[in-house]
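Work through these exercises with the structure in view. Try each task before reading its solution.

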Amino acid sequence: MPSQTVQQIVDIVISFLAEHQDRAVEDVYEELAARGEELPVDSVLVMEILARVEEHFGVSVPADAEAGRSLRSVWAFAETVYDTMQAKEQQ
C-alpha cells in the first residue's frame, strides 16, 4: 500500500495549486469545494503542476484516457496518483 492516503495526496495537490497561483491553501480549497465534492479544477492547472506531483511522489502518471479524465477534479487526480503509486509498489 502507498505510504500516502488519497486525502494526503489531495492536500499536497491543493498546496501545489495554491503555490502555483500564489494564493493561500485555504482559499484554493474553499474555491474548489464550492464547485463540488470532487473538487473540480481546470485541467490546465493540474497539467501545470503535474511534473511537481510526479516528482514529489516518484511516479509517472500514465498518459491514458483514465488519467485524462482524472484531470477534471483534484480528488480524481489524487486517486490516479494513488493507483499509480500502488501499481509501482506491486512491480
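**Exercise 1.** Find how α1 and α2 are oriented to each other: roughly parallel or roughly perpendicular?

*Solution.* The model is predicted. Start with the positions: α1 covers 6–21, and α2 covers residues 25–35. Next, take the angle. The two helices pack at about 110 degrees, and their axes are 8 Å apart. Angles of 65 to 115 degrees count as roughly perpendicular. Therefore α1 and α2 are roughly perpendicular to each other. Then add the handedness: α1 passes α2 in a right-handed crossing. Finally, list the residues that make the contact. α1 supplies Ile14, Ser15, Leu17, Ala18 and Gln21. α2 supplies Val25, Val28, Tyr29 and Leu32.

**Exercise 2.** Place glutamine 4 and state which residues it is in contact with, leaving aside neighbours within four places in sequence.

*Solution.* First, locate glutamine 4: it sits in the segment before α1. Second, check its exposure. The relative accessible area of glutamine 4 is 22%. Buried means under 20% and exposed means over 50%. Glutamine 4 is therefore partly exposed. Third, list the contacts: Ile9, Ile12, Phe57, Tyr82 and Met85. Fourth, look at one of these partners. Phenylalanine 57 is 53 residues from glutamine 4 in sequence, yet their C-alpha atoms are 9.0 Å apart in space.

**Exercise 3.** Which residue lies over the face of phenylalanine 16, and how many aromatic pairs does the structure hold?

*Solution.* Begin at the ring of phenylalanine 16. Arginine 52 lies over its face, at 4.0 Å from the ring centre. Now count the aromatic pairs: the structure holds 0.

How values were computed. Residues numbered from 1 in each chain as written. Predicted model: local features only at pLDDT ≥ 70, side-chain atom pairs only at ≥ 80, totals over all residues. Heavy atoms only, no water. Phe/Tyr/Trp six-rings, centres within 6.5 Å; stacked < 30°, edge-to-face > 60°. Lys NZ or Arg CZ within 6 Å of the ring centre and 35° of its normal. Helix = DSSP H or I, 4+ residues; strand = E, 2+ residues; numbered from the N terminus. Buried < 20%, exposed > 50% of the residue type's maximum accessible area, 1.4 Å probe, protein only. Contact = heavy atoms within 4.5 Å. Axes fitted to C-alpha atoms, helices over the stretch in contact; angles between N-to-C directions. Parallel < 35°, antiparallel > 145°, perpendicular 65-115°, else oblique. Left-handed = near helix turned anticlockwise from the far one by under 90°.
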